[in-house]
Structures are given as C-alpha cells and as structure tokens.
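Open the model in your viewer and keep the selection tool at hand. The tour goes stop by stop, naming what to select and then what is there.

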Amino acid sequence: MEINLRNLHSPADIKNLNAASLSLLSEELRAILLKKLSAHGGHVGPNLGVVEATVALHYVFDAPKDKLVFDVSHQSYVHKMLTGRIDSFLDPAKYDDVTGYTCPRESDYDLFEVGHTSTSISLATGLAKARDLQGGKENVVAFIGDASLGGGEALEGLDFGPTLGTNFIVVLNDNQMSIAENHGALYQHLAELRDSNGTAPNNIFKALGYEYIYVREGNNIEELIKAFKGAKDADHAVLIHLNTMKGMGLPCAETNKEAFHFHAPFDLKSGAPLVPDNSEDYADMFTRHMLFRMQEDEKVVTLTAGTPGAFGFTPERRKAAGKQFVDVGICEQDAVAMAAGLAKGNCRPVFGVVATFIQRAYDQLSHDVAINNLPAVFVEFYGGATGGMTDMTHLGFFDIAMISNIPNIMYLAPASAEEYISMVDWAIDQTEHPVVIRTPGGEVIHSERPVDMNFNCYDVVEEGNEVAIIAAGQFLHTASEAATILKSKGLTPTVINPRILSALDTDTLDTLRDYRLVITMEDGIIDGGFGQKVAAYLGDAPVRVKCLGLRKEFLDRFNIAETLKANSLTAEQVAEIALK
C-alpha cells in the first residue's frame, strides 16, 4: 500500500501501512529531505539518521495524546512531515514556513520551543509528573541523541526518571557522533553495549532502574516497531537504545559526519557547497593564532564543549594541537569549571564557545571562575544580531548584559582583527582576572590604528565636540560612517571605541559631561547592557545620553539588516538622531 505524500496530514495516515509500505515511505521521505536540504541547507546528518525511527515512533505511539519530546529538536524534520507540515518540504516556496526545531506555534504535535541540548529527559519528567497528578494514562517519550546524553541536565533527568514509578520512555539515538566525535567515558560504555548486542552485564541504564531494550538495526522499521510496541503503555521506566547511522542515505554525509551535521546548500552528488565561502574569517584567524600560542607554550590549552568547528578547529587542527586541545562534549558547565581548574593549576585555558551556549554555564562563570578571580579566557562567537545565528533558540543577544555584570570578569569587545588578536594575546598573558572576548560579527575588518594594550581605557578614535558616539565592537565602523555624514552637515562628533564593556573609563566619560549628546551603540539588548552603565554614570551631568541596542525580545529567523534598522543601528539613523 502506498501513500500520496500530498495527502499526509497526520500520523493517522500511516497507521494502516504494513512494514514494507513504511519502509517505502521512509525512502520517499528521505528523498524529499535530501532535495530540500541540498537546496535550502539545514541539519543534514541528524535528520537523515532518524527517518525510520521517526516513522516508527508515529506509527506506534498516538501523538499528540502521547507526548513526544525531542532533544535539541534539530532532528525533527521528518516529525514535521508526518504531522501536517509536508508541504513545507515538498514546495520550495514554502521551505521557510517551518523552523528547524520543534515549534508549538506551528503545531500541537510540537511541545516545546527548544534548540539547546540535553533538555528532553528533564522536560519529559515534568510532563510525566503532570500526567500522574491528573490521573492520565498517555505515554511520555523523550527522544535524545548520544551526544546530548552526556550533558549534565540529561544525566540528572536520566537519574530521576525511574523514581516516577510510572510510564516513562527514553529513546536513545546512538549514532556514535556529537557534532564532532564524542568525548567521555560514557561513550566507551555505549560501545560496550553495542558490541555485546545490548547484553553486557555492565549496564548503566539497568543500574538506574530502566528496563533496557537494544535495537541493533536502528534504521530497520520492523525492529523499531517491535521495540516501541514493547515499551508502549509500560507502567515503569524503559530505555530503548537505537544503533543508527548519522547521515544515512547520503554517502558524503555518511563518510564526513562532522561537516554534514549542519550544512549550507550543497550539490547532492559531490556534497560541495553551492556557494563556496572564501572570505576571511575571525574563527579561522583565532584558530591559527591559538595553534601558534599552543606550540609556543605547552601550558596554553584550547577547550571546546562539543563545537570545535564553530571556531575553526577542524579535525586536522585538533590533531595538530594534540593534548593541548580538550573537547569535553556538549557540556558547557564542565568546560567552564575545567577552565577554572586549569587556571588554578597554572595553565592558560582558552575556552572557545558560541554565545548562545555560554548561557548554560552562568553559575560556573560566576561561582567557579569569577568569585575565585581565576585568569581563565573565554572567546565568544556568534554574539549579537550580527553574529549570524538567527533562530529563536540560538540568539546571541543577551551575552553582554549577562556576563559584563559579573564582578571580576573583564568583558572585552574588539573592533578590528588587529585588536582581536591583541586582546587574545593580552588575556592569555595576564594573570589578574578572568577575561571574556567577544568575537566581532560580520566581515573581518582591519585597522592600521595602533592597539593600546591598556584595555581599561577607551580609545578615542576621532576628536570632536558637542556629540559623542561610543560604539562597541564592530559598531565602531557604523559610528565612523555616521560621523562622516555628520561632518557633511556641519557637526564634528567624537567617536570612541570603548573596548571594555564591564567597566567604565570615567576619565574619558568626564570629558563628555558638557556635550549636548552622547550616543552609545552595542550589539546586544539595551536592558542591563553597556550603554545603561554610561547613562547611569552621566546621569548627574547636563549631557543627554541616548542608548542604542536591541530590544529585549525573542526574535525568530530574523533578517539582520532589517533588525539593525528596526533598532536605529544604521549609520544614517545614528546621524539623524544626532542631528535632531
């Protein structure tokens, strides 16, 4: 029996199919997935690897009555196809009608807006407890990958699940990969379970109280259906361990799993990007410099929490760094605390981290690093509106307000490539404070201006009068453009690169007290940000302070240029504000 994909409106439409038809359906869904991913980009490997598992889940369980919670949810594309959103995968004009993650705004089948890792088991324990308190009988299923399982929250949820004493199902999608390779002793244990076909006496899941079911062929529909039916309606905790192939069905994704975890549009035959990007890149610049620093000093260590590719550490570069490169897996809390320990042990740790993910380690930044005033270095990527991450679950808007207000931490925002590398060097060499450096967004900008290594002082780039523009990071160049416009109108503004966003250069600010206007610019939310510190300090002076930045809101898949304009962050708008 075949199904017309255009008529695939809900999981009910596949309930009457036999195993052979479900296998054929999986092949058709994978083909559609490949067509969209190659043209549009997205999470390639994670979704190709769980086509059969997703079909089997919806064949056996009865969502949305049964609750399905996807971890990270970047592997939910087939789930969306099966739950009324197939047109967004069949019709190129509708490709952007769905997000890349589960989204309750789209469908009742999507329970949570998530994009960070290791959350599904804990979320599911809450759903199960809510069900039990209200006398419900539905199944609660947490779907999680092996990489996510190593995160602290996942292990906490895994520990609590069996104590519910009722129906609680965890589906572990084990494709032997994180974004890059997995790291941690847990993965040796999973290998032991796979090698023994699930029979190894050493079994952490059984020890925690789960009934354990192993599926050797995790891309086999019949085996998956059998396992899921065995767990459905159980009155206790069950963990189903699937051995799957990441990137299945696309040879280049099967052989190069790391590159095809997420990929821009690509050629289906060769896997080559449709639009090669050969532009200069801050991440590549950072990585090359860190390799030099590590070669120069064996105490310099680069850390990542499962995202080495986000800042240019390819497999070849990781190999070159050897024991001085540490990947703790997708465990930001562990990475920050380890950096504190390394600094205490007289090493020079540099943790490269994506801005949206450093949020997950706020307590470690504050408690383990800052209270102890340890000279660990954190280099942040993809911050602000210009950083490049535009999904609601991956916003980098909040880092300035969050980190710059922690005592002892020096939060630095370079405006050029030369300033960036100088700050990295200075942060590694100093031993007084923890330092966070925000990698500029957008294209690489070079400057011939000498870098003053006293980063507690602002850099006055242009001397003027009446109006001052204090612009952090890459916005310095927007400020310079605004100054050019103002000069043509008869105003000569002072342009300042603040460089440090966690402290105020009061000597420089005091020179602005008799100005008519001070404008601050930052690529982050205004509330709690850098500009408000300036405004508070100058509050008793005649000068008016206008703070420009981003509104405190969650945006989803926003257009960067439109967002900057909506927040008056273009050169023309800054000049207009000054003229008014």
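Which residue in β16 is the bridge partner of Glu462? Select Glu462 and look across to β16: the partner is Val495. Keep in mind throughout that this is a predicted model.

**Stop 1: the mixed sheet**

Now select β14, β16, β15, β17 and β18. These 5 strands form an open sheet, in the order β14-β16-β15-β17-β18, and the pairing is mixed. At the edges stand β14 (459-462) and β18 (544-550); each has a single partner strand, so one side of each is left without a neighbour in the sheet. On average, neighbouring strands of this sheet are turned by 25° against each other, direction ignored.

Go back to β14 and β16. The two run antiparallel and are joined by 3 bridges.

**Stop 2: strand β16**

Select residues 494-497, which make up β16. What covers a strand can be checked one face at a time, and there is a rule to help: in a regular strand the side chains alternate between the two faces of the sheet. In β16, Thr494 and Ile496 lie on one side, while Val495 and Asn497 lie on the other. These four residues are all buried, and both faces of the strand are covered.

Next add β15, residues 467-471. Strands β15 and β16 pair in the parallel sense over 3 bridges. Select Ile469 to find its bridge partner in β16, Val495. Then select Ile470, whose bridge partner in β16 is Ile496. Val495 is thus a useful residue to keep labelled: it is the bridge partner of Glu462 and also of Ile469.

**Stop 3: strand β15**

Stay on β15 and colour its residues by the way they point. Val467, Ile469 and Ala471 point one way, and Ala468 and Ile470 point the other way. Are these residues buried or exposed? All are buried. Since 5 of the 5 residues of β15 are buried, the strand is largely enclosed by the rest of the structure.

On to β17 (517-525). It runs parallel to β15, and 5 bridges join the two. One place to look is Ala468, which stands opposite Val518 in β17.

**Stop 4: helices α24 and α20**

Select helix α24, residues 571-579. The helix lies across β15, β17 and β18, and runs at about 150° to β17.

Now add helix α20, residues 475-488. Two packed helices are described by the angle between their axes and the distance between the axes. For α20 and α24, the axes come within 8 Å and cross at roughly 50°. The two helices are therefore oblique to each other. The crossing of α20 past α24 is right-handed.

Show side chains where the helices meet. From α20, display Thr478, Glu481, Ala482, Ile485 and Leu486. From α24, display Ala571, Glu572, Val574, Ala575, Ala578 and Leu579, which they meet. The residues of this contact divide into 8 nonpolar, 1 polar and 2 charged.

**Stop 5: the parallel sheet**

Leave this region and select β2, β3, β4, β6 and β5. In the order β2-β3-β4-β6-β5, these 5 strands form an open sheet with parallel pairing. Its edge strands are β2 (67-70) and β5 (211-215), each of which pairs on one side only. Here neighbouring strands are turned by 20° against each other on average, direction ignored.

Within the sheet, pick β3 (residues 140-145) and β4 (residues 168-174), which run parallel and are joined by 5 bridges. Ile144 has Leu172 as its bridge partner in β4. Then add helix α9, residues 185-195, which packs on the sheet and touches β4, β5 and β6 (237-243). Its direction makes about 80° with that of β6.

**Stop 6: helices α15 and α17**

Finish with helix α15 (residues 332-344) and helix α17 (residues 362-370). They pack at an angle of about 15°, with their axes 9 Å apart. They are therefore roughly parallel to each other, and their crossing is right-handed.

Display Gln333, Val336, Ala337 and Ala340 in α15, then Gln364, Leu365, Asp368 and Val369 in α17, where the two helices meet. By class, this contact has 5 nonpolar, 2 polar and 1 charged residues.

Methods: Residues numbered from 1 in each chain as written. Predicted model: local features only at pLDDT ≥ 70, side-chain atom pairs only at ≥ 80, totals over all residues. Heavy atoms only, no water. Pairing = 2+ DSSP bridges. Axes fitted to C-alpha atoms, helices over the stretch in contact; angles between N-to-C directions. Contact = heavy atoms within 4.5 Å. Parallel < 35°, antiparallel > 145°, perpendicular 65-115°, else oblique. Left-handed = near helix turned anticlockwise from the far one by under 90°. Nonpolar A, V, L, I, M, F, W, Y, C, P; charged D, E, K, R; others polar. Buried < 20%, exposed > 50% of the residue type's maximum accessible area, 1.4 Å probe, protein only.
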